[in-house]
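Me: Please take a close look at a single part of this model and explain how it is held in its surroundings. Cover the charged pairs as well, and give the reasoning where there is some.

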Amino acid sequence: MIDRLLAQFEPRVILLLLAGGLVITVLGAYAWFFKLDIAEFDRLHQARSESQRDFEAERDRANDERIGALENKIEALRDTLYGNGVDLPGSQMVSYIITQLDRLSVLHGVRLVSVNPGETGEVLAFSEVPFDVEVAGRYLNLYAWLEDAERELRPLVVKQFLLEPRPETDGLRMNLRLVSYRARGSS
C-alpha cells in the first residue's frame, strides 16, 4: 500500500515532503529544547536593561548631588572672598564697617570707644583697609562681639590684639587692628 502511494508521486515531491518534514522537526526540536534558554535570555536581557537604567539614574542623581555640593562650596568661597558688603563702593565700605561694629556693640552690650580707619593698601589682588578699634566691656561680651564682627564683616582679619583690664571697672579694654579685605575689581 505504501508502494502504491509512493508510486503516485514523483521522486521530487517526495524529497520536498521529506525535507519539509525534516525542517519542521528540526524547528520543533529547536523550539522545544531551546525555548527555556530563549526565555531565560529574554529575562536576563530585560534585567540587564533595567539595571542599566537604574545605574544611569543613580549616577545622574549622584552627579546632581555632587554638582549641588560644589555649587554650595563655590558660593561659600565667594562669600568668604567677597564678604557681605561686596556691592558697596569703596567710599561707602568704611562707613558700612563702622556702622556694623557699632550695631554689634549695642547688640552685645560693649562700648565702642573708638574706630579709626587707616590708609587703604594693596595686598596681592586685594585692597585692605585697616581699622584701629577700641572697645570696652565684660570678657564674654567682648568675645561674642569679636566673633560676630568676624563672621558678619568677612573678609575681616584681626591683625593685632591687646586685652587689658580696666581698673576703674570690672571690665576689660580691647584694642584691635582689624583689616578688611576686598577684591580689587569689586569696587
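Reply: Helices here are DSSP runs of H or I at least four residues long, and strands are runs of E of at least two, numbered from the N terminus. By that rule R61 and E58 both belong to helix α2 (residues 11–82), where they sit 3 residues apart, about one turn of the helix. The model is predicted. The part to look at closely is strand β5 (residues 172–183), but the helix pair makes a simple case to begin with.

The side chains of R61 and E58 form a salt bridge, with N to O at 2.3 Å. An α-helix has 3.6 residues a turn, so residues three or four places apart point the same way. Side chains of opposite charge can pair when their charged atoms come close. Both partners are partly exposed: R61 has a relative accessible area of 40%, and E58 has a relative accessibility of 41%. The whole structure holds 8 salt bridges.

Now to β5. It is largely enclosed by the rest of the structure, because 9 of its 12 residues are buried. Buried means under 20% relative accessible area. Part of its surroundings is other strands. β5 pairs with β3 in the antiparallel sense over 12 bridges, and R173 is the bridge partner of A136 in that strand order. Strand β4 (residues 156–165) is also antiparallel to β5, joined to it by 9 bridges. Q160 has R177 in β5 as its bridge partner. A hairpin of 6 residues connects β4 to β5.

Two arginines of β5 also take part in salt bridges. R177 pairs with D132, the closest N and O atoms lying 2.8 Å apart. This pair links distant parts of the chain, since R177 is in β5 and D132 is in strand β3 (residues 126–137), 45 residues apart. R177 is partly exposed at 29% relative accessible area, and D132 is partly exposed at 32%. The other arginine, R173, meets E164 in a salt bridge of 2.2 Å, N to O. R173 is partly exposed at 29%, as is E164 at 25%. Elsewhere, salt bridges that share partners join E58, R61 and E65 into one network.

The nonpolar side of the picture comes next. In soluble globular proteins, nonpolar side chains tend to be buried together. The largest nonpolar core in this model has 20 residues, and those with the most contacts inside it are L101, F131, V133, W145, M174 and L178. The elements giving two or more residues to this core are α3 (90–108), β3, α4 (139–152) and β5. Leaving aside neighbours within four places in sequence, M174 contacts V133, E134, V135, L142, W145, L146, F161, L162 and L163.

Three of those contacts, L142, W145 and L146, are among the buried residues of α4, along with D148 and A149. Seen down the axis of α4, the buried residues fall within an arc of 165°, so they line one face of the helix. The length of α4 is as expected, because its 14 residues at 1.5 Å a residue should span 20 Å and its end C-alpha atoms are 20 Å apart.

In short, β5 is paired with β3 and with β4, gives residues to the largest nonpolar core, and carries R177, whose partner D132 lies in β3.

Methods. Residues numbered from 1 in each chain as written. Predicted model: local features only at pLDDT ≥ 70, side-chain atom pairs only at ≥ 80, totals over all residues. Heavy atoms only, no water. Salt bridge = Lys/Arg side-chain N within 4 Å of Asp/Glu carboxyl O. Buried < 20%, exposed > 50% of the residue type's maximum accessible area, 1.4 Å probe, protein only. Core = buried A, V, L, I, M, F, W, Y, C linked by side-chain atoms within 4.5 Å. Contact = heavy atoms within 4.5 Å. Pairing = 2+ DSSP bridges. Expected span 1.5 Å × (residues − 1). Arc of directions from axis to C-beta.
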